[in-house]
Amino acid sequence: MDQSKNDKIKTLYAQITVLFEARKFRRALDVIAEGLALSPDDLYLRLRQCVVWRKVGQRAKSLSQLRALNARFPDHRAVACELATGLRLAGDLEGSLDLVQAIITADPSHMRARLEQVEALSALKRHGDALGAADVALALRSGHLGISLARAAVLGALGQSAEALSFLRELHAARPRNAQIALAFGDALLLAGDAVAADYAYEVVLNTAPRNIPAWLGRINCAVAQEAGEAALAHCEAARLLHPTTRAFIMRQTTVFLMLDRLQSGVAVLQEALDHAPDDAVLRSRLAQFYFLTGAPDAANAVFANAPEGYIATRSDVQRRADAAEAQGDAAGALQILGEAIGKGATPAPADMPAGLALKYCEMAVQTGQTDAVPQILLEIIAVIDTLHDVNLIRLVKLGERAEQLDVALAAINEIAARDRIRPFVAQFLVRRAHMVMDSAGSARL
């Protein structure tokens, strides 16, 4: 490479670094492309390209190139670590763990590999192992930011919220100007129920970084937690002046409109947002929900009927369409919509049957007496019971009782009881229900 080209590449490297720090990833892609036009085999640029693709949601493209890079450079640890991250996000947790474990064995002080190890163990729900791995890493490099924050998250996953908050408080006291720590501290305070202190933590971040998206979301969440609807709306409006098209703020604003019972305002905001982003499935589904809540199921259905060509319906879309059919008194139509979505009657059953929609199908089927398919669908739900969130597990308990399949209700209760954390309303539900389907020893243990 001649000197002028070499100087140009170095300049582009510096620009990419600045853009990464500013989180301007799409602009970074353009600069990376400019560099690759000059030097197609530049490993740094190829790796940065993979990182950006991951950041902007193009994970499959990123993972494909990372596999190719890893095959060409099997001993390059930065490539292996980024591939491990890509594998974890794609669901190959054991593959991710194997990659970083090999790096840690060769270089115990490699912190990026240590961080990915903690993340992969946590994703595998091996939270005790993840905490141990984090402690080992911090013993090697005290105060490492990424691993410290990951350790706090693991403590939370273990149900040790007080310990997580105390740990973050110490980190924040030691590094009060670090925005990542301040945000994590604010999140922990909010989770602990101290919305006032959490709001202050987010506000301090915004004093030095007024465009910070997580801090604005935190302030909105604090106002919602305090049932201060007008304050939450003011925060939404201020955030949207800075980030007018950011979906997270649009969704939060509609949540606040729900709090304030201003459904038509929510419809107006969502219509405007969808005009600018007609392919956005989340906004489209939310608009249908608002029409449904305003008592306009025909308008809700029209939202999907008028979707652009090639639009791929989401599970939320299916739920909204079924809700609209049910509201119009068309229970058979709602069951058909749900049945098609979950692959009812397919042989073999779909491997990715959406549990929420399957629960809704079974609930309606029991209600209408069309229960022929319910036992098989319940078996499919039980097969993925560990993936269900608390609300769906409670629905499964009730469904098992109504369908006179107490083994289903018992499986759901046992799943809830075995989890590291149980929210108070779930615990209260368990106490009321467990004695109906468990023996006296099991009830006493709960």
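In this predicted model, Arg54 is part of helix H3, which covers residues 43-55. With a relative accessible area of 18%, Arg54 counts as buried, because the cut-off for that class is under 20%. Once neighbours within four places in sequence are set aside, the contacts of Arg54 are with Arg59, Ser62, Glu82, Thr85 and Leu89.

The chain to which this helix belongs is described next as a whole. Its secondary structure consists of 26 helices and zero strands. The C-alpha atoms fill a box of roughly 80 × 55 × 50 Å when the box is taken along the principal axes. For 446 residues, a compact globule would be expected to have a radius of gyration near 22 Å, and the value of 25 Å found for the protein chain agrees with this. Of the 446 residues, 45% are buried. Among the contacts with a separation of 6 or more, 49% join residues that are 24 or more positions apart. The protein chain exposes about 22600 Å², and 52% of this area is supplied by carbon and sulfur atoms. The chain carries 48 positive and 50 negative charges, and the mean positions of these two groups are 5 Å apart.

The nonpolar interior can be considered next. In soluble globular proteins, nonpolar side chains tend to be buried together. The largest nonpolar core of this model holds 70 residues, of which Val118, Leu168, Leu283 and Leu287 touch the most other members. Helix H9, made up of residues 145-157, gives the most to this core, with seven residues. Apart from this core lies another, of 38 residues, which includes Ala322, Ala325, Ala358 and Tyr361. For Leu283, when residues up to four places away in sequence are not counted, the residues touched are Arg247, Ile250, Met251, Leu270, Ala273 and Leu274.

Helix H15, which runs over residues 247-259, contains Gln253. This residue is buried, with a relative accessible area of 6%, a value that falls under the 20% cut-off. Residues up to four places away in sequence being left out, Gln253 touches Leu233, Cys236, Glu237, Arg240 and Val269. The C-alpha atoms of Gln253 and Ile220 are 8.9 Å apart in space, while the two residues are 33 residues apart in sequence.

The loop between helix H13 (213-225) and helix H14 (229-242) includes Glu227, and Ala228 is found in this loop between H13 and H14 as well. Glu227 has a relative accessible area of 68% and is therefore classed as exposed, the cut-off being over 50%. Ala228, by contrast, is partly exposed, with a relative accessible area of 29%. Leaving aside neighbours within four places in sequence, Ala228 is in contact with Ala223 and Met259. Ala228 and Gly339 are 111 residues apart in sequence, and their C-alpha atoms are 41 Å apart in space.

The backbone of Glu227 also deserves mention. Most residues other than glycine have a negative phi. The phi of Glu227, however, is near 55°, a positive value in a residue other than glycine. A positive phi, of about 60°, is found for Glu404 too, although this residue is not a glycine. Glu404 is located in the loop between helix H23 (390-402) and helix H24 (406-417). With a relative accessible area of 72%, Glu404 is exposed.

A further loop, between helix H18 (297-305) and helix H19 (315-327), holds Thr314. The relative accessibility of Thr314 is 27%, so this residue counts as partly exposed, a class that lies between the cut-offs of 20% and 50%. Thr314 touches Ala281 and Ser285 when residues up to four places away in sequence are not counted. Between Thr314 and Val282, which are 32 residues apart along the chain, the C-alpha atoms are separated by 8.0 Å.

Notes. Residues are numbered from 1 along each chain as its sequence is written. Side-chain values use heavy atoms; hydrogens and water are left out. Helices (H or I, at least four residues) and strands (E, at least two) are DSSP runs, numbered from the N terminus. The radius of gyration is taken over C-alpha atoms; the globule rule is 2.2 Å times the number of residues to the power 0.38. Buried means under 20% relative accessible area, exposed over 50%, partly exposed in between (1.4 Å probe, protein chains only). Contact means heavy atoms within 4.5 Å. Accessible areas come from the Shrake-Rupley method with a 1.4 Å probe; for residues, only the protein chains shown count as cover. Lys and Arg count as positive and Asp and Glu as negative; His and the chain ends are not counted. The place of a charge is taken as NZ of Lys, CZ of Arg, CG of Asp or CD of Glu. A nonpolar core is a set of buried Ala, Val, Leu, Ile, Met, Phe, Trp, Tyr and Cys residues joined through side-chain atoms within 4.5 Å.
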